[in-house]
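User: Could you walk me through this structure? I have not looked at it before.

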Amino acid sequence: MSDDKKSRILASARSVFLRYGYKRVNMNDIADAAGVSRPALYVLFKNKEEIFIEAYLRWIDETIAQVEAAMAQTALPKDKLARAFEIWAVGPFEMTRASPAAEELVDCNFAFAQAPREQGYAIFEATIAPVVAKLSETLPAASRIAPGRIAHVLVSAVRGFKQTAATPDDMRQLIDDLLLLSFGPS
């Protein structure tokens, strides 16, 4: 099967997962949505978990590409971080508020998906680390922490904000406050 067919299957699977959640979807649902037979689906993927992980990893790649593009269009480092977190955290947060099925996917708390989820966070941290490095240059030398460590602390804090934010605007404000606490005013 071609890469186009595999991409179509993964895109269809993501759509079905977003609509119904991981638990309610079966291989027949994915095959039907992709317009392939169930046996053809099993030629490429051994099970639903494998499809979910590949679809999730593609979502991470697409999101990181969006983050990089948004940061490239912004001059100020703090604005770059704000845009990065808007795409990485606020967008998915909004999606979870609109759909319980999306919340199940974005949280990605399935045991089989823990490694890809952590991989996604590590990739995001590495993506924002150069911007954090620029901002950390403005901090007093005595209070400087390694940029990678700062990126990890920022991402970890924002992960926790999902539990406390009531609305997307609340999430944005928490992120803005975190950046202000971390790097001072612009």
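Analyst: We can start with the whole chain and then turn to a helix, the aromatic rings and a loop residue.

User: Fine. What is the secondary structure of the protein made of?

Analyst: This is a predicted model, and its secondary structure comes to nine helices and zero strands. Along its principal axes the C-alpha trace spans about 60 × 35 × 30 Å.

User: And how much of it counts as buried?

Analyst: Of the 186 residues, 42% count as buried. The accessible surface comes to about 9,600 Å², and 55% of that surface belongs to carbon and sulfur atoms. Among contacts with a separation of 6 or more, 66% are between residues 24 or more positions apart.

User: Let's go to helix 2. Which residues are buried there?

Analyst: Helix 2 covers residues 27-34, and its buried residues are Met27, Ile30, Ala31 and Ala34. Seen down the helix axis, these buried residues fall within an arc of 95°, so they line one face of helix 2. A general point fits here: an α-helix has 3.6 residues a turn, so residues three or four places apart point the same way.

User: What covers that buried face?

Analyst: The cover over the buried residues of helix 2 includes helix 1 (3-20), helix 3 (38-44) and helix 4 (48-72).

User: Is Asp32 buried or exposed?

Analyst: Asp32, which is also found in helix 2, counts as exposed because its relative accessibility is 61%, and the cut-off for exposed is over 50%. Its C-alpha lies 10.0 Å from that of Val16, a residue 16 positions away in sequence.

User: What sits at the ends of helix 2?

Analyst: At the N-terminal end Asn26 acts as the cap, with a side-chain oxygen 2.9 Å from the backbone nitrogen of Asn28. Helix 2 is followed by Gly35, whose phi is positive, near 70°.

User: Switching topic, how many aromatic pairs are there?

Analyst: The count comes to eleven aromatic pairs. One of them joins Phe52 and Phe112, whose ring centres are 5.8 Å apart and whose planes meet at 80°, so the pair is edge-to-face. The cut-off for that label is an angle over 60 degrees.

User: Where in the chain are those two?

Analyst: Phe52 belongs to helix 4, while Phe112 is in the loop between helix 6 (100-107) and helix 7 (114-136), so this pair links distant parts of the chain, 60 residues apart. Phe52 counts as buried at 3% relative accessibility, whereas Phe112, at 21%, counts as partly exposed.

User: Which rings are linked into a cluster?

Analyst: Ring pairs link Phe17, Tyr22, Phe52, Tyr56, Trp59, Phe85, Trp88, Phe112, Tyr121 and Phe124 into a cluster. Charged side chains also come into the picture, since Lys48 lies over the face of Tyr22 at 4.1 Å from the ring centre. Arg159 lies over the face of Tyr121, at 3.7 Å from the ring centre.

User: One last residue, then: where does Arg144 lie?

Analyst: Arg144 lies in the loop between helix 7 and helix 8 (147-164), and it is partly exposed, with a relative accessible area of 43%.

User: What is it in contact with?

Analyst: Leaving aside neighbours within four places in sequence, Arg144 is in contact with Ser136, Glu137 and Leu139. Its C-alpha atom is separated by 9.9 Å from that of Ala133, which is eleven residues away along the chain.

Methods: Residues are numbered from 1 along each chain as its sequence is written. Side-chain values use heavy atoms; hydrogens and water are left out. Buried means under 20% relative accessible area, exposed over 50%, partly exposed in between (1.4 Å probe, protein chains only). Helices (H or I, at least four residues) and strands (E, at least two) are DSSP runs, numbered from the N terminus. The arc is that of the directions from the helix axis to the C-beta atoms. Contact means heavy atoms within 4.5 Å. A polar contact is a pair of N or O atoms within 3.5 Å; within protein, one must be able to donate a hydrogen and the other to accept it, and residues adjacent in sequence count only if both atoms are side-chain atoms. Rings of Phe, Tyr and Trp (its six-membered ring) pair if their centres lie within 6.5 Å; planes under 30 degrees apart count as stacked, over 60 as edge-to-face and the rest as tilted. A charge sits over a ring if NZ of Lys or CZ of Arg is within 6 Å of the ring centre and within 35 degrees of the ring normal. Accessible areas come from the Shrake-Rupley method with a 1.4 Å probe; for residues, only the protein chains shown count as cover.
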